[in-house]
Structures are given as C-alpha cells and as structure tokens.
Amino acid sequence: MKTRIALIAHDKKKDDMILLAGQYRAYLATCDLVATGTTGGRLANELGLAVDRKHSGPFGGDLQIGSMLVQGEIDCVIFLRDPMTPQPHEPDINALVRACDVHNTPCATNVSSAHLVLSQLQLRAATA
Ligand SMILES: O=C(CO)COP(=O)(O)O
C-alpha cells in the first residue's frame with residue numbers, strides 16, 4: 001500500500017513547503033498525497049504532484065484531513081504552521097494536531113522535523 005501523506009502549509013510557510021516537497025519530489029510522487037486547497041494547488045502546479053485537494057484551511061480543510069486521519073486514512077502529516085500569525089481557524093488547526101497525538105500519527109510542524117520524517121520514510125521505501 002502507498003504511504004498516505006498530508007501536506008499543509010500556512011501562507012507564509014508555503015514557499016518553504018514547495019522547497020521541501022521539491023527536495024522529496026521523486027519519493028512523494030510514489031505516495032498518496034492529500035493537502036488543503038491552496039497548498040495542494042501549489043504542489044500540483046509548481047511540482048506536478050498528484051494531490052487530493054481538500055477545502056482551504058479556513059474553510060474546513062484541516063478538519064477534512066483530521067477526519068481522514070481519525071478514520072485511519074493518513075500515515076503522516078507535514079503541517080508547516082505559522083506561529084507568528086493569528087489564524088481565524090485556530091480551533092481547526094489544534095483539532096488536527098490533537099488528532100495526530102490521539103492516534104499517534106507522525107506530525108511535523110516545522111521544516112527541520114519534516115526533513116527528519118520525510119528522509120526516514122524515503123529511506124524505508126528505498127530499502128523495503
Ligand atoms: O490554513 C491552512 C491550514 O490551517 C492551509 O490552507 P490552504 O492550503 O488552503 O492555504
């Protein structure tokens with residue numbers, strides 16, 4: 001079964017997400033990807049990745065991904081949050097991160113931890 005990865009980035013972190021995903025592009029292309037709306041649009045347009053795009057975060061995208069996660073449909077979340085900008089959907093963001101903790105799902109919320117998670121997943125795939 002393909003590894004199922006959720007990719008989400010707040011506006012000021014979207015360039016970081018594109019850079020990050022570009023570095024793992026070949027590996028990510030072998031995965032089932034889901035993303036919030038705007039993040040997914042950029043991943044598709046700029047990197048050519050096939051992404052299941054949910055609603056934009058402020059319109060419930062985090063909750064849609066959280067629901068998938070609770071149903072056992074997500075293996076890993078890369079969520080580049082912006083800690084410096086208030087978000088109108090803060091409760092949704094917290095709900096998604098909490099769901100990761102409840103279900104012991106890896107959740108990288110900054111670029112350094114995302115590298116650790118993705119490099120490990122990539123290595124596992126290469127040696128499987
Ligand atoms: O707000 C977000 C996550 O909380 C991200 O949503 P977009 O990818 O639609 O910008």
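**Figure 1. T36 in the loop between β2 and α3 of the predicted model.** The loop that holds T36 connects β2 (32-35) to α3 (37-47). T36 counts as buried, because 27 C-beta neighbours lie inside 10 Å and 20 or more are enough for that class. Leaving aside residues up to four places away in sequence, T36 touches I8, K54, S56, G57, G61, D62 and I65. The unreviewed UniProt entry includes T36 in its "binding site" annotation, which also covers H10, K14, G37, T38, T39, S56, G57 and H89.

**Figure 2. D62, listed by UniProt under "active site".** The listing comes from an unreviewed entry. D62 is part of helix α4, residues 61-70. With 29 other C-beta atoms within 10 Å, D62 is buried. Its contacts, not counting residues up to four places away in sequence, are I8, T36, G57, H89, D92, I93 and L96. Among these contacts, T36, G57 and H89 also appear in the "binding site" annotation of the unreviewed UniProt entry.

**Figure 3. K14 in helix α1.** Helix α1 spans residues 14-23 and contains K14. K14 has 19 other C-beta atoms within 10 Å and is therefore partly exposed, since a buried residue needs 20 or more. Beyond residues up to four places away in sequence, K14 touches A9, T39 and R42. Both K14 and T39 are covered by the "binding site" annotation from the unreviewed UniProt entry.

**Figure 4. The buried residues of helix α3.** T39, G40, R42 and L43 are the buried residues of this helix. They lie on the same side of α3, because they cover an arc of only 160° around the axis. An α-helix has 3.6 residues a turn, so residues three or four places apart point the same way. The packing partners of the buried α3 residues are β1 (4-9), α1, β2 and β3 (51-53). After α3 comes G48, with a positive phi near 70°.

**Figure 5. L118 in helix α6.** Helix α6 runs over residues 111-127 and includes L118. L118 is buried, as 22 other C-beta atoms lie within 10 Å. A separation of 19 Å lies between the C-alpha atoms of L118 and D52, which are 66 residues apart along the chain.

Notes
Residues are numbered from 1 along each chain as its sequence is written. This is a predicted model: local features need pLDDT of at least 70, side-chain atom pairs count only at pLDDT 80 or more; totals for chains, interfaces and linings use all residues. UniProt positions are given in the numbering used here, feature names are shortened, and annotations may be inferred rather than shown by experiment. Helices (H or I, at least four residues) and strands (E, at least two) are DSSP runs, numbered from the N terminus. A residue is buried if 20 or more other C-beta atoms lie within 10 Å of its own, exposed if 12 or fewer, and partly exposed in between; C-beta atoms are placed from the backbone. Two residues are in contact if their C-beta atoms, placed from the backbone, lie within 7 Å. The arc is that of the directions from the helix axis to the C-beta atoms.
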